[in-house]
Structure formats: C-alpha cells, structure tokens
Amino acid sequence: MTRRTFQGSFTQQEPIPEDAIEAANAVLRSGRLHRYNLADDEPGETAMLEQEFARWQGSSYCLATASGGQAMQIALRAAGTGAGDRVLTNAFTLAPVPGAIAAVGATPFLVEIDENLCLDLKDLERAARDSGAGTLLVSHMRGHLCDMERLMAIAADHGICVIEDCAHTMGASWNGTRSGSFGLAGCFSTQTYKHMNSGEGGLLTSNDPDFMARATILSGSYMLHDRHGAGPDQSHFQLPRYHMPNMSARMDALRAAILRPQLKRLDNNIARWNARYEAVASHLAERPALALPHRPPAEAFVGSSIQFRWPGCGDENCRALLAACGARGVELKWFGGTEPTGFTSSHHSWRYVEEQALPCSDAIMAELFDMRLPLTFSVEDCHLIATIITDCAKELSA
Ligand SMILES: *Cc1c(COP(=O)(O)O)cnc(C)c1O
C-alpha cells in the first residue's frame, strides 16, 4: 500500500473574489472608509451590506459590527444583560462566547453538550431552574443545531431570552428556519475562518425594533442612526439615544465592500462545503470505531468543518492519531488536551469562569476530533484526507 501524504494547507482560504477587490479599491480611492462618511445620496457599503444580509437572512433588521464577539457583546447588553447576571451557554464553544458574557460583567453558567455536540436539552432544563439566568447565549458550535423548537419551548417556560451564536451556522437552518432567526437575535462572524471573509467583522440580526435601536447606538452610531440600511424606524431611537453608551464597534466601508460580493456567492459556497463534508463523512462512516455526530433531517447544515469521536480509545491513542495524521499532512484538532494550544474550547482553561463540574461534556471532548474543510481543498483532496484518517485509525486499533 502506498502511503500518500496530503500537501494542502488547513488554514488557507480562497482568495477574495476579483469583484470584491475592485469594490475595495473603489472605497480606498474615495477615501471614505468610515461608515458614516458618505457623499450626497450615497447609501454607503456598510448600510447596503446590512440591507442585503437582512434580506438574505430573512430578518427585519441587521447591524454590521467590528467582530462576531462584538455582535454577541452588544446583543447581550441590548437585551438588558449586565453585571452580576448569569448567562447560560454551551460547555463546548470557542473562547469569544464566554468572553462576550464576561465583557458585559455577567457570568457564564455552562450547560452540558450531548454526543452530537449540541446543547443537552435535559441539562438545559436543570440549568434554567438552578441558575436563575435570564439569558441563554446558545452557541451552534461547529455548525450543529439542536432541536430548536424544543430549545425555544424550554426557554419560554423559564422566561429566558435566547441569543444565538451563529459563527458556524451562517446559512444553516432547522426545519426551514435559518439559525439566528429563532431567538431575539442572531450573531454572525465574518472573520477569516468563517463563511464570509473580511478579516474581522460581525453581523447582528433581529426582528425586534427596540432591541435593534439599542444595539445600533451601542455599536457606536453617534446620532447618525438614520444612516443605517436595515435599521428600525427613527421613533425607536427616541429613548435609547439618551441611555445607551457608545461602545465603538462599527464595521467600516472597506470590509463591507469586500463582503457584499461574497454574500452573492454564499449559497453556492455552502453547496461546495457540503460536497467536501460528504466526501470525508462517507469514508469515516465506513470505520465503525469512529462516530460521526448524527445529523437529523430537520437540520440543513454548512459543512465547513467536520467532527468525529473515537469512543473508548483513550488519551494515548488520541495523541497517536493526531501524530500519525499530522505526519501525513492531515491537521486534526483534538479537544482532549489539558493545555490550550492554538485555540481554547475547554472550559478548564477559562479560569475567569466559576469552576463547574461538566462530566458529560468532558467525556465527549476527551475523544473528540475536529478538522477544517477550507474551500481551497478539492473534493478529491477530501477523499485523500479521509482515507489517511481511516488508515491511521485502523493501524492504531490493529
Ligand atoms: C469565531 C467565533 C465567534 C466570533 O468570533 P470573532 O472572531 O469575534 O468574530 C463566536 N463563536 C464561535 C463559536 C466562533 O468560532
């Protein structure tokens, strides 16, 4: 058997499309990079992006922000969450999520995840009862959507406001409803590794006009909220404009100019990601030792990354699999390491959060692997990558 090695880079995204580069150049030539620096009658790139994204998402309003983390932070604050409050969130997510909660002076109250990497809804009921939290920041981590109808019913029963972290689910839906459209607000990221790439950036969507007015002023709109493309009627700003502090988290025209042409390609890119996901998943599914998260028919996902578990394999085998795949050019992430390297998704390394016992999440993460699927990989590449993973797992279990 020939031992082929994969040569591609797991962190290399596609280039920014030429029309986006042209649009960026036009902004640069104009000198008007600030979103509110507009010529007569010019709507501005940021306002147009807000309009187009709101239409695509199917939400009444959209606010562009400096990052996904800022979108979450502003959403929490605009929802009335603040110092001393507890906020429910997933035990397994990325550091900007507990970070956004900490930034408003609140405390994350972590909820267990299940084997499909979704919020464990039984544990959510317990946490909703025990925590006294008024807000749930649900993170659709790695693109997995839980039963959103049940989640919303549990939240309603406990009077909990839901905000969705859609950093990995831009374009995903549950029973035909887009992620981000279930709760009060959806928070999206346009950071380089997400579904659209402006380096840094975020988008906040909602159907609630008063919430959106507060969020707009928080984002740093000065008194220029009439220059927004997908904002609520001016009457909603009457009160909040005296009460909301300016957090300076605007998106500039340059990033918006880069994003608008990418939004036009997003649906097509989702299909391309899913073809890559299917290629890898089909091989992994053939190895009974490896467990893929179940993806229910109600879930339309975006396969920009793939996760799998190796149940009962033990730490030593996990490390050996990482090393063996790495030696053949396949960069896996493992969530069982004790020290944060490169990223932090382990609640044990969030020492600003009150320590909580989360045995189920810990057990799942101890045998959980993750791999990015950038669009610079061909479907053929994905077949090779998956073959390398299954070969290595087979050799290690022999
Ligand atoms: C990337 C990411 C975010 C937002 O990140 P920013 O870098 O602030 O845009 C939020 N949640 C998750 C799970 C993420 O991976």
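## Cysteines

Cys313 counts as buried, because its relative accessibility is 11% and the limit for a buried residue is under 20%. The model described here is predicted. The cysteine sulfur closest to that of Cys313 belongs to Cys318, at 3.2 Å. That separation is too far for a bond, because a disulfide requires two cysteine sulfur atoms within 2.5 Å.

Cys161 is partly exposed, with a relative accessible area of 22%. Its sulfur has the sulfur of Cys187 as its closest cysteine partner, at 10 Å, and this distance is likewise too far for a bond. The structure as a whole holds 0 disulfides.

## Domain arrangement

The protein chain is divided into domain 1, covering residues 18–260, and domain 2, covering residues 265–397. Taken over C-alpha atoms, the centres of domain 1 and domain 2 are separated by 26 Å. To the contact between them, domain 1 contributes 37 residues and domain 2 contributes 38 residues.

## The largest pocket

Where does the largest pocket lie with respect to domain 1 and domain 2? The largest pocket lies between them, because both domains give residues to its lining. The volume of this pocket is about 630 Å³.

The lining of the largest pocket consists of 38 residues, and those nearest the pocket centre are Leu94, Arg142, His168, Gln191 and Lys194. Four elements are named as giving two or more residues to this lining: the helices α3 (68–78) and α4 (96–103), together with the strands β8 (185–189) and β13 (368–372). By residue class, the lining of the largest pocket divides into 15 nonpolar, 16 polar and 7 charged residues.

## Glu45 and its surroundings

Glu45 belongs to helix α2, which spans residues 45–57. Is the side of the chain at Glu45 best described as buried or exposed? Glu45 is buried, because its relative accessible area is 18% and the limit for a buried residue is under 20%.

When residues up to four places away in sequence are not counted, Glu45 touches Val27, Ala253, Ala256, Ala257 and Arg260. Arg260 also marks the end of domain 1, whose assigned range is 18–260.

How values were computed
Residues numbered from 1 in each chain as written. Predicted model: local features only at pLDDT ≥ 70, side-chain atom pairs only at ≥ 80, totals over all residues. Heavy atoms only, no water. 1 Å grid on protein atoms, 1.4 Å probe; cavity = no way out; pocket = protein on both sides within 12 Å on 5 of 7 lines; lining within 4 Å. Points joined across faces, edges and corners; volume = space filled by probe spheres on them. Nonpolar A, V, L, I, M, F, W, Y, C, P; charged D, E, K, R; others polar. Domains from an automatic or database assignment. Buried < 20%, exposed > 50% of the residue type's maximum accessible area, 1.4 Å probe, protein only. Contact = heavy atoms within 4.5 Å.
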